[in-house]
Amino acid sequence: MPMKILMVSDVYFPRVNGVSTSIRTFRAELQRLGHSVDLIAPDYPAGCVPEDGVMRVRSRAVPRDPEDRAMSRAAIRALLPRLAAAGYDLVHIQTPFVAHYSGLGLARKLGLPCVESYHTLFEEYLFHYVPFFPKSWMRLLARRFSRAQGNSVGALAVPSEAMREGLLRYGVTSPMRVIPTGIKPADFTGGDGARFRARLDIRADAVVQLFVGRVAFEKNIPFLLRAFARALDTVPDLMLVIAGEGPAEKSLKRLSLELGIEPRMRFVGYLDRATDLLDCYRAADAFVFASRTETQGLVLLEAMATGLPVISTALMGTASIVGARRGALVPEDDETDFAAAMVRLAQDAALHARLARDAVAYAHEWGADAMALRLAALYAERIAAAPPRQATVTAPQGRAVAPER
């Protein structure tokens, strides 16, 4: 039976990150299955492309985080009459800030069951952005924060088994379902690698290793730079490309100068997913990743879908992807071991060809359509288990009010 879902998120495009990608992917696949999925998300100063079913609310800048916005809770509450008229079946909270508390409030007012996706394990994240408090304090705060939020909703969707286990350790007792974000392999065909190399003045015979993601402190990119410096001693024609934007970019450029690898580096900034990013993937020979904070590592699957072998540590959520050792080399969380894997893949053509074939086949097994079916099943269970609806908001008389189209 078709369901009508209301999602609430503190982030969405044009803000580019894994949560935005997850929301867009699930919305598209759920709608293809016949369900209706509307979204409340912040507006952004640069403007937002109108999108069916997306309700933008006014927002303000977030201190110390210029990329993100804090939605107005009053503006969200003002939507209540039209939300009541729309006849939703469930509220799905996507992020833990204003969206969490406003989403809970909407669910109570509308008399709806509520689930939440937990995308971020804050224990390994928060202290990067509040460095003036002891790390132990930040970890304790993050655990209490996650436990309180997790136990305030009817169920949680988590992207990996590692995330589920982490929340269980915190004392989260709400039901949890592992539902990764899938990919659409068809989105990762095409691309012109030669054009991209020419644009960046990278020789055709250079061995290019690539990182794509938010250029942020929690991504452990300095580890990659130091491992790359070691690998250059053996394979001097290596190149390392860093694609993405974020607060760590200046410090990484300084580190590349300190390590003496700046001539072999390219920082290319944000790339449009439909054009330049595909060119970038096609220009590379391998994908490298060493984040210790990922709850899934969706970008690994995206790289694999383009035929790139992956070199990645298996920590947190990335273990759920590279743990199978299909299409990937999985070194220890050690710069010397990681550098050895960089060298091995650069020098062994047969290994590279085998991993490239395996990567494409493996990525196809993580289809977004299958993951959307899992999420729809969770929705149906929570709706069936919910008590009779007792909304405390009355829809405007004489007219149906729905999201702007």
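Here is a walk through the packing of this predicted model, from its cores to two helix pairs.

Let's start in the middle of things. The largest nonpolar core takes in 99 residues, and the ones with the most contacts inside it are L30, L210, Y281, F287, M304, F338 and Y379. If you're wondering which helix gives this core its largest share, look at helix 8 (residues 221–232), which supplies nine residues. There's also another core, lying apart from that one, with 36 residues, including L106, V158, M163 and Y170. As general background, nonpolar side chains in soluble globular proteins tend to be buried together.

Now pick out Y379, one of the residues with the most contacts in the largest core. Setting aside neighbours within four places in sequence, Y379 touches M3, I5, M7, L30, L90, H92 and V115. The L30 contact is a handy way into the first helix pair, since L30 is among the helix 1 residues that meet helix 15, and Y379 is among those on the helix 15 side.

So how do these two helices pack? Helix 1 (residues 18–32) and helix 15 (residues 368–385) have axes 9 Å apart and an angle of about 80 degrees between them. Because angles from 65 to 115 degrees count as roughly perpendicular, helix 1 is roughly perpendicular to helix 15. On the helix 1 side you'll find T25, F26, E29, L30 and R32, and they meet A368, D369, M371, A372, L375, A376 and Y379 of helix 15. Sort the residues of this contact by class and you get eight nonpolar, one polar and three charged.

The second pair takes us to M304, another of the residues with the most contacts in the largest core. Helix 11 (residues 298–305) packs against helix 14 (residues 349–364) at an angle of about 125 degrees, with the axes 7 Å apart. The two helices are therefore oblique to each other, and their crossing is left-handed. Helix 11 brings L301, M304 and A305 to the contact, while helix 14 brings A359, V360, Y362 and A363. What classes of residue make up this contact of helix 11 with helix 14? There are seven nonpolar residues, with no polar and no charged ones.

Stay with helix 11 for a moment. Eight of its eight residues are buried, so helix 11 is largely enclosed by the rest of the structure. The buried set includes E302 alongside L298, V299, L300, L301, A303, M304 and A305. Just after helix 11, G307 adopts a positive phi of about 95 degrees.

Key. Residues are numbered from 1 along each chain as its sequence is written. This is a predicted model: local features need pLDDT of at least 70, side-chain atom pairs count only at pLDDT 80 or more; totals for chains, interfaces and linings use all residues. Side-chain values use heavy atoms; hydrogens and water are left out. A nonpolar core is a set of buried Ala, Val, Leu, Ile, Met, Phe, Trp, Tyr and Cys residues joined through side-chain atoms within 4.5 Å. Buried means under 20% relative accessible area, exposed over 50%, partly exposed in between (1.4 Å probe, protein chains only). Helices (H or I, at least four residues) and strands (E, at least two) are DSSP runs, numbered from the N terminus. Contact means heavy atoms within 4.5 Å. Axes are lines fitted to C-alpha atoms, for helices over the stretch in contact, and angles run from 0 to 180 degrees between N-to-C directions. Angles under 35 degrees count as roughly parallel, over 145 as roughly antiparallel, 65 to 115 as roughly perpendicular and the rest as oblique. Ala, Val, Leu, Ile, Met, Phe, Trp, Tyr, Cys and Pro count as nonpolar, Asp, Glu, Lys and Arg as charged, and the others, Gly among them, as polar. A crossing is left-handed if the near helix is turned anticlockwise from the far one by less than a right angle, and right-handed if clockwise.
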